[in-house]
Amino acid sequence: MQLYSVRSALQAGSPADVLGRLAAMGYGLVEPTFGLLNGDASGFRRLLDDLGLAASSLHGPALGPLRPQVAEAAHAIGADTVVVPAIPDAEFATAAGVARSAEHLAEVADALTALGLKLAYHNHHWELANRPGGQTGLELLAALLPPEVALEVDVYWAAVGGADVPTLLHDLGDRVRLLHVKDGPATVDDAMTAVGSGTLPIPEILAASPKALRIVELDRCEGDVFEALAASVSYLKELP
């Protein structure tokens, strides 16, 4: 699961306690954000090892001057993929902006490849809502990226952006190597819900991208986020 979901608990309490609760729910992999490591990636790795957890990937500002530190943190926690969390909305308003973004991501991917790491890009709603030339910004980006750059498709934000998510995933194919799985009313501002209790067709979404790693994330939710995360993993484990 993406640890941004429990950022408040991690910042306010004991990371060992928070991660222990997630492990007890049945999560085996976590995806941290660079900021939540608090500059101690090695210490975070020790916590993971003690709890039988592993880091699948790391969200971090790899497009900026902190790229060396992000890459070092990824190695330290045992992640093989660095995920760019977002590129601003304005870059997806035009085909030229998408092309610039693809070029920048390709340059960073080359730099990370030299360090033994892979690069992925995570979408929000604007990559789907913007349609330069009649094609969604995310699909145009995928067409321009070199094949080694993966996509981490956030299925909730894709739906908010107006996409038919199963069709989108089918069309993007093997480029999609990670999924952010979340659920809710599929609006920009409303709270999210436990996976399986919202409006998204979760079984159809997962079937459209069967090889992608499934990462639960709840950006915000009403009630106890730990209860929602526990319900989410239970629901996903029951799916065929």
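**Notebook: cores, sheet, two helices and a buried histidine**

I began with the largest nonpolar core, which has 76 residues; Leu22 and Leu229 touch the most other members. The model is a predicted one, and I kept that in mind throughout.

I then listed what Leu229 touches. Leaving out residues up to four places away in sequence, I found Met1, Ser5, Val6, Leu22, Met25, Tyr27, Val216 and Leu218. Leu22 is thus on the list of Leu229 contacts. There is also a second, separate core of 5 residues, and I noted Val83, Ala120, Ala150 and Leu178 among them. As a general point, nonpolar side chains in soluble globular proteins tend to be buried together.

**Entry: the sheet**

I looked up the strand order next. The open sheet has 6 strands, ordered E3-E4-E5-E6-E7-E8, with parallel pairing. E3 and E8 are the edge strands, and each pairs on one side only.

I checked the E3 edge. E3 pairs with strand E4 (residues 81–84) in the parallel sense, over 2 bridges. Leu58 has Val82 in E4 as its bridge partner.

Then I went to the other edge. Strand E7 (residues 176–181) pairs with strand E8 (residues 213–216), again in the parallel sense, over 4 bridges. Opposite Leu179 I found Arg214 in E8. Between E7 and E8 the chain passes through helix H10 (residues 202–208), and this β-α-β crossover is right-handed.

**Entry: His59**

Is His59 buried or exposed? His59 counts as buried because its relative accessibility is 7%, under the 20% limit. It sits in strand E3 (residues 58–59).

Which side chains does the side chain of His59 meet in polar contacts? I found Glu31, at 3.5 Å, and Glu152, at 2.7 Å. I also pulled the wider contact list for His59, setting aside residues up to four places away in sequence. It holds Gln2, Glu31, Pro32, Thr33, Phe34, Val83, Pro85, His122, Glu152 and His180. Glu31 and Glu152 are both on that list. So is Val83, a residue of the second core.

**Entry: helix H3**

I turned to helix H3 (residues 41–51). Its buried residues are Ala41, Gly43, Phe44 and Leu48. They sit on the same side of H3, because they cover an arc of only 160° around the axis. The general rule is that an α-helix has 3.6 residues a turn, so residues three or four places apart point the same way. On the other side of H3 I found Arg46 and Asp50 exposed.

What do the buried residues of H3 pack against? I noted helix H2 (15–25), strand E1 (29–30), strand E2 (54–55) and helix H4 (67–77). After H3 comes Gly52, with a positive phi near 75°.

**Entry: helix H4**

I ran the same lookup on H4. Val70, Ala71, Ala73, Ala74 and Ile77 are buried there. Their arc around the axis is only 160°, so they lie on the same side of H4. Pro68 and Glu72, on the other side of H4, are exposed.

The cover over the buried residues of H4 includes H3, E2, E3, E4 and helix H5 (95–113). H4 is followed by Gly78, and its phi is positive, near 85°.

**Entry: positive phi outside glycine**

Most residues other than glycine have a negative phi. I therefore noted two exceptions.

Asn38 is not a glycine, yet its phi is positive, about 55°. Asn38 lies in the loop between E1 and H3. With 61% relative accessibility, Asn38 counts as exposed.

Ala186 also has a positive phi, near 60°. I located Ala186 in the loop between E7 and H10. Ala186 is partly exposed, with a relative accessible area of 25%.

**Entry: Val149**

Where is Val149 found? I placed Val149 in the loop between helix H7 (137–144) and strand E6 (150–154). Val149 counts as buried because its relative accessibility is 0%.

Not counting neighbours within four places in sequence, I found Val149 in contact with Leu105, Ala109, Leu119, Arg175 and Arg177. I also took the distance from Val149 to Asp50. The two are 99 residues apart in sequence and 32 Å apart in space, C-alpha to C-alpha. Asp50 is one of the exposed residues of H3, whereas Val149 is buried.

Technical notes
Residues numbered from 1 in each chain as written. Predicted model: local features only at pLDDT ≥ 70, side-chain atom pairs only at ≥ 80, totals over all residues. Heavy atoms only, no water. Core = buried A, V, L, I, M, F, W, Y, C linked by side-chain atoms within 4.5 Å. Buried < 20%, exposed > 50% of the residue type's maximum accessible area, 1.4 Å probe, protein only. Contact = heavy atoms within 4.5 Å. Arc of directions from axis to C-beta. Polar contact = N/O pair within 3.5 Å; in protein donor to acceptor, adjacent residues only side chain to side chain. Pairing = 2+ DSSP bridges. Right-handed = clockwise from strand over helix to strand, strands pointing away.
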